[in-house]
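Work through these short exercises with the model open. Try each task before reading its solution.

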Amino acid sequence: MKLETIAIHAGTVIEDKNRPAVQPITLSTTFEHAEGSPVYSRANNPNRLALEQVLAKLEHGEAAAAFSSGNAAGMAVFQSLNPGSHIIAPDDMYHGLRSLLLNVFKGILEVTFVDMTNVNNIADAINSKTALIWVETPSNPLLQISDIRRICEIANERHIKVACDNTFATPVFQNPLLLGADFVMHSTTKYLGGHSDILGGALITKSKEGLWERIKMVQQVGGAVPSPFDCYMLTRSIKTLPYRMKGHAEHAGIIATFLQQHTKVDKVYYPGLLSHPNHLTAAAQMSGFGGMLSFEVSGTAKDADRVISKLNFFTHATSLGGVESLIERRAAVEGPDTKTPQNLLRVSVGLEHLDDLLEDLEQALDK
């Protein structure tokens, strides 16, 4: 099956004798003991099984595990490592997962943050306790690009696992498992959900052996799993994912070019631009450049905030990946220890009419 067909059909598992075209929601928390029974909904549920099936197929993996949030998915990986293990992570990464590593796992795991756009930094950071390289590409919020294939080659030589946060790219534009990664992580809250109304996360594995067995144990025993209703909603939303992503990426590319040429914009971060320092790497491992971009407004944080206040069709809000356009001054959200420029605005480009979005940005920047 091609991507669009997988998205529509791989998450539909029909066992109802009436043969509905759409899989029903199974709300029961407990199931009669029988061969193949889910037994208890924390361990499994028909809707979660269907969701995990489509996620695995979309990412070309052997299996998937759905979680109640993206942070819960990432935490399951960290919890599966032996205490004292060393992780190498990008210096530009989603601040929620960074906070997990620095605060929740402080004293349990060691972490080194490096600029992963230069693979030599990764090789230099490896030590005898390194168990995992955590990759995020494109990164949040600076849209940095890391060479997944080269990182995996370095890791494989040293028998180190690689997990890649693929939230920004989605399986529509990038498949890290095909580039050598062991695990893929998604905040399914974002593009996979696509409508800003579902909280969830997921992990997909290349192999069911080894560390994956511990991750599944953490999922089932820890219990940070999505509800049947959320699994149903997410499976439904994935059906339109390939077509939504084409629109997001088309709009983002045009808006990035517009912003790059604007006199009141100092810098634009978008891997689809030829001026992006890692454009060639992005083009080699991605089939599209996604719907996220960031840009620096000329001036100060107050100037950036003023631009936000003048916008009509870009909602000032956290998160990303919905059909509506969102914008925020990311440093204000990340807190006092942020390395993000204070005048940087992160944009989740939505599916409104492109002319409306361009006109809105034009008037907000010019006032």
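The exercises below cover the sheet, its packing helices, the cysteines and some backbone features of this predicted model.

**Exercise 1. Find the strand order of the sheet and say which strands stand at its edges.**

Step 1. Count the strands: seven of them form an open sheet.
Step 2. Read across it: the order is β1-β7-β6-β5-β4-β2-β3, with mixed pairing.
Step 3. Look at the edges. β1 (63-67) and β3 (110-114) each have a single partner strand, so one side of each has no neighbour in the sheet.
Step 4. Add the twist, which averages 20° from one strand to the next.

**Exercise 2. Describe how β1 pairs with β7, then place the helices α3 and α8 on the sheet.**

Step 1. β1 and β7 (residues 201-205) run antiparallel and are joined by five bridges.
Step 2. Take one residue: A63 has T205 in β7 as its bridge partner.
Step 3. Helix α3 (residues 70-79) packs on the sheet. It touches β1, β2 (86-90), β4 (130-136), β6 (183-186) and β7. Its direction makes about 40° with that of β7.
Step 4. Helix α8 (residues 211-222) also packs on the sheet, with contacts to β1, β5 (161-165), β6 and β7. The angle between its direction and that of β1 is about 30°.

**Exercise 3. Decide whether C164 is in a disulfide or in none, and whether it is buried or exposed.**

Step 1. Recall the bond: a disulfide covalently links the sulfur atoms of two cysteines.
Step 2. Apply the cut-off: the two sulfur atoms must lie within 2.5 Å.
Step 3. Check the total, which is zero disulfides.
Step 4. For C164, the nearest cysteine sulfur is that of C152, 7.9 Å away, and C164 is in no disulfide.
Step 5. Now use accessibility: buried means under 20%. C164 has a relative accessible area of 0%, so it is buried. C231, at 1%, is buried as well.

**Exercise 4. Locate the cis peptide bonds at P138 and P141.**

Step 1. The T137 to P138 bond is cis, with omega near -5°.
Step 2. The N140 to P141 bond is cis, with omega near 15°.
Step 3. Place them: P138 is in the loop between β4 and α6 (148-157), and P141 is in the loop between β4 and α6.

**Exercise 5. Where do H60 and H159 lie, and how exposed is each?**

Step 1. H60 has a positive phi, near 60°, and is not a glycine. H159 is a non-glycine with a positive phi of about 60°.
Step 2. H60 lies in the loop between α2 (46-58) and β1. H159 lies in the loop between α6 and β5.
Step 3. Exposed means over 50%. H159 reaches 75%, so it counts as exposed. H60 has 45% and is partly exposed.

How values were computed:
Residues numbered from 1 in each chain as written. Predicted model: local features only at pLDDT ≥ 70, side-chain atom pairs only at ≥ 80, totals over all residues. Heavy atoms only, no water. Pairing = 2+ DSSP bridges. Helix = DSSP H or I, 4+ residues; strand = E, 2+ residues; numbered from the N terminus. Axes fitted to C-alpha atoms, helices over the stretch in contact; angles between N-to-C directions. Contact = heavy atoms within 4.5 Å. Buried < 20%, exposed > 50% of the residue type's maximum accessible area, 1.4 Å probe, protein only.
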